[in-house]
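Colleague: I would like a close look at a single part of this model, taken slowly and in connected steps. Please walk me through it with the structure open in front of us.

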Amino acid sequence: MADHDTSFRWTYWSVKETKEKLLELIAVLDAAVFPIGWRTVAQDELSSETIPMIPSPDDIAFYRLSAKPGWSSVTLAIELKRESELHGGQMLATFPKSPTERSETRFPGMDVDRFLDEGLLPAAAKVGVTVRKGTVADIFFDELPWEVQHSLSAFDNGSRKQHPLNRAESAAWQAFVIAAYRGPDNASYELLVEWLVAHRWSTQHAMELRDRFFDQFQLLSRYRETLVVA
């Protein structure tokens, strides 16, 4: 398996630019990664393998590091979202089938780091684009149910980034709280402050919204309990 730090670095990098610039970055990256041991892989090659990486509709490029003694192979996918953003996609390691060989085979996380540090970052600098690194706010948002993501984004996009909220902002905020309440019980909102701050809210206003969220969430829970009792 990929170690946590490597998996995080790969999954949460992103580049936002015009589609033309992003395609230029891919072209430069294709040439940059070969000297450090990686090669490009065609989609039909992936689908013909015993353990295939199933491409998503957003996958635009694939890169392979072949297995070496004591190390697994690994394949990386890059996704193109909304034709304006590249980011890390799937990461698939292939280990030996034999339990003994498998236990003696490690994931080459250092080579994935090299792909980023010696392949992607220099290619981005050559093209003139900026690679954004992942944050805890990215993880928080990525782990939310889709309906909650949608309602939180709708609230944030229509807000003035200030508290107290006006009428329209309050309505959008309430829609987010209700979506969160209806979502899975194991969803965590402890990092809501970090996400709001990352979206240009002041820390003070973000903390006030966080407190408001938990107060309203608890109120909904108590209301449901009274209905069950009744």
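Across which strands does helix H5 (residues 109-127) lie, and at about what angle does it run to S4? Please take the sheet around those strands as the part to describe.

Modeller: Bear in mind that this is a predicted model. Helix H5 lies across S3, S4 and S5, and its direction makes an angle of about 35° with that of S4. Those strands belong to an open sheet of five strands, which follow one another in the order S1-S5-S4-S3-S2 with antiparallel pairing. At the edges stand strand S1, covering 14-16, and strand S2, covering 39-40, each of which pairs on one side only.

Starting from the S2 edge, two bridges connect S2 with strand S3, residues 59-65, and the two strands run antiparallel; here Thr-40 has Tyr-63 of S3 as its bridge partner. Moving on to the next pairing, S3 is joined to S4 by six bridges, again in an antiparallel arrangement, and within S4 it is Thr-75 that stands opposite Arg-64.

S3 itself is largely enclosed by the rest of the structure, because six of its seven residues are buried. A second helix, H2 (residues 19-33), also lies across this strand, running at about 10° to S3, and H2 lies across S1, S2, strand S4 (73-81) and strand S5 (85-94) as well. As background to reading such a strand, side chains in a regular strand alternate between the two faces of the sheet.

Charged side chains add a further layer to the picture, since side chains of opposite charge can pair when their charged atoms come close. In the model the count of salt bridges comes to 13. One of the pairs is Arg-82 with Glu-85, whose side chains meet at 2.8 Å, N to O. The partners sit in contrasting surroundings: Arg-82, with a relative accessible area of 64%, is exposed, whereas Glu-85, with 11%, is buried.

H5 can also be placed by its numbering, as it spans residues 109-127, and a network of salt bridges links Asp-113 and Asp-117 with Arg-9.

For comparison with the Arg-82 pair, consider the salt bridge between Lys-161 and Asp-156, in which the closest N and O atoms are 2.6 Å apart. Lys-161 counts as buried at 17% relative accessibility, and Asp-156 is buried too, with a relative accessible area of 4%.

Note on methods:
Residues are numbered from 1 along each chain as its sequence is written. This is a predicted model: local features need pLDDT of at least 70, side-chain atom pairs count only at pLDDT 80 or more; totals for chains, interfaces and linings use all residues. Side-chain values use heavy atoms; hydrogens and water are left out. Two strands pair if DSSP finds at least two bridges between them. Helices (H or I, at least four residues) and strands (E, at least two) are DSSP runs, numbered from the N terminus. Contact means heavy atoms within 4.5 Å. Axes are lines fitted to C-alpha atoms, for helices over the stretch in contact, and angles run from 0 to 180 degrees between N-to-C directions. Buried means under 20% relative accessible area, exposed over 50%, partly exposed in between (1.4 Å probe, protein chains only). A salt bridge is a side-chain nitrogen of Lys or Arg within 4 Å of a carboxyl oxygen of Asp or Glu.
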